[in-house]
2 protein chains.
Amino acid sequence: MIMEKNVDELLRRNQLSVTGSRRKILELFLQQDGALSHSDIEKKASEKFDRVTVYRTLQAFVEKGLIHSIPTSDNSIRYALCKDECTGGQHRDDHVHFICNVCGNTMCLEEVVVPGIKLPRGYVAQQVEMLVSGICKSCAAR
Amino acid sequence: MIMEKNVDELLRRNQLSVTGSRRKILELFLQQDGALSHSDIEKKASEKFDRVTVYRTLQAFVEKGLIHSIPTSDNSIRYALCKDECTGGQHRDDHVHFICNVCGNTMCLEEVVVPGIKLPRGYVAQQVEMLVSGICKSCAAR
DNA sequence: TAACTAAATGCAACAATGTTGCAAAATAAA
DNA sequence: TTTATTTTGCAACATTGTTGCATTTAGTTA
């Protein structure tokens, strides 16, 4: 269980003023290990925030390096907590993302590192993202 | 240069009846080697099709395995031609996709194969997608 | 070729998603 | 406590995606 103190401190450490919505949304991320989309957040938040506030909060979190976005093929960006070392918009992300075709959840496989690849001459890689879809651990177990 | 005959035949070979919009949209894909988003198509098509028609055409093309979708982190799915062997919705795609941060184009790097990865015990992979962003050949040359 | 059938198109209406400006409220600083 | 700055919520709007239905078109058959 996460204490309120931690959330507040986490926000402050990232140069974000502590407000109700930021606290609540950050708690949602901490309470769960999967990724959340904008609409997930609107659904899960008990008290309702304005849609605009959610957009702006997510944007602020990404900019400060608190969360990172995960591309999907269904037109709904998902966000997940960054594990430390990401600050000031510069996101360094070397793990694989997994999307379960059964439960629909998106999760970070922190322990699976994205393999390096060799691009054709002339191309410069700046970021590499690896998305695996299939059946997740808990869905496969059933 | 692609002849009209080819386009028609390509459509027929994929069990799609030949219509004006399908012909035109397929030509757009053939004329270019990058990927196209829905809005790209609306912009590029000289004659204007109804937005709904474009959506339905893209959907039909994906179902028949003529094109495949490429996930992005900017909430706009892009589509690219499948190189043969994709039929009836079952898309087998083993190449890397590249998104240029300068020109914004998305392209298939057919020659770069997505490396295999080892997932944690319990996970089943069904599809793997690799997205590299950076600077493309033509932008880097300048 | 003409007639028929099935499919595709365009329109309208709508739903969902994302953006901007601005006044009110809340936070952080003095 | 007061002040300065930031955040919030609202309204209005823009963009994107969906659905039902009548009309048109393509493929098929006679």
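This report walks through a predicted model, from its DNA surfaces to the place where its two protein chains touch.

Some ground rules come with the model: residues are numbered from 1 along each chain as its sequence is written, while chains are lettered from A and ligands numbered from 1 in the order in which they are written. Because the model is predicted, local features need pLDDT of at least 70 and side-chain atom pairs count only at pLDDT 80 or more, while totals for chains, interfaces and linings use all residues.

**Around the DNA**

Let's start with the two DNA strands. A residue is near a strand if its C-beta atom, placed from the backbone, lies within 6 Å of it. Helices (H or I, at least four residues) and strands (E, at least two) are DSSP runs, numbered from the N terminus. Residue classes go like this: Ala, Val, Leu, Ile, Met, Phe, Trp, Tyr, Cys and Pro count as nonpolar, Asp, Glu, Lys and Arg as charged, and the others, Gly among them, as polar.

| DNA strand | Residues around it | Closest residues | Classes |
|---|---|---|---|
| DNA strand C | 21 residues | A:S17, A:V18, B:T19, B:S21 and B:T53 | 6 nonpolar, 11 polar, 4 charged |
| DNA strand D | 22 residues | A:T19, A:S21, A:T53, B:S17 and B:V18 | 7 nonpolar, 11 polar, 4 charged |

Which elements build these surfaces? Near DNA strand C, α3 and α4 of chain A and α2 and α4 of chain B each supply at least two residues, and α4(B) has the largest share, 4 residues. Near DNA strand D, at least two residues each come from α2 and α4 of chain A and from α3 and α4 of chain B; here α4(A) gives the most, with 4 residues.

**A closer look at α2 of chain B**

Helix α2(B) covers residues 20-31, and its 12 residues should span 16 Å at 1.5 Å a residue (the expected span is 1.5 Å times one less than the number of residues); the end C-alpha atoms are 16 Å apart, which agrees. A residue is buried if 20 or more other C-beta atoms lie within 10 Å of its own, exposed if 12 or fewer, and partly exposed in between, with C-beta atoms placed from the backbone. B:R22, B:I25, B:L26 and B:F29 are buried in this helix. They cover an arc of only 100° around the axis (taken from the directions from the helix axis to the C-beta atoms), so they sit on the same side of α2(B). On the other side, B:G20 and B:Q31 are exposed. An α-helix has 3.6 residues a turn, so residues three or four places apart point the same way.

**Where the chains meet**

Two residues are in contact if their C-beta atoms, placed from the backbone, lie within 7 Å. By that rule, 34 residues of chain B are in contact with 34 residues of chain A. On the chain B side, β4, β5, β6 and α5 each supply at least two residues, and β6(B) gives the most, with 12 residues. That side has 21 nonpolar, 10 polar and 3 charged residues.

Two strands pair if DSSP finds at least two bridges between them. β6 of chain A and β6(B) pair in the antiparallel sense over 11 bridges, and A:E129 stands opposite B:L131.

**A hairpin in chain A**

β4(A) and β5(A) also pair in the antiparallel sense, over 5 bridges, with A:I99 opposite A:T106. Their hairpin has 5 residues between the strands, and A:G104 takes a positive phi near 80° there. A:V102 is found in the loop between β4 and β5 of chain A. Is A:V102 buried or partly exposed? A:V102 counts as partly exposed because it has 13 C-beta neighbours inside 10 Å. Leaving aside neighbours within four places in sequence, A:V102 is in contact with A:I135 and A:C139.
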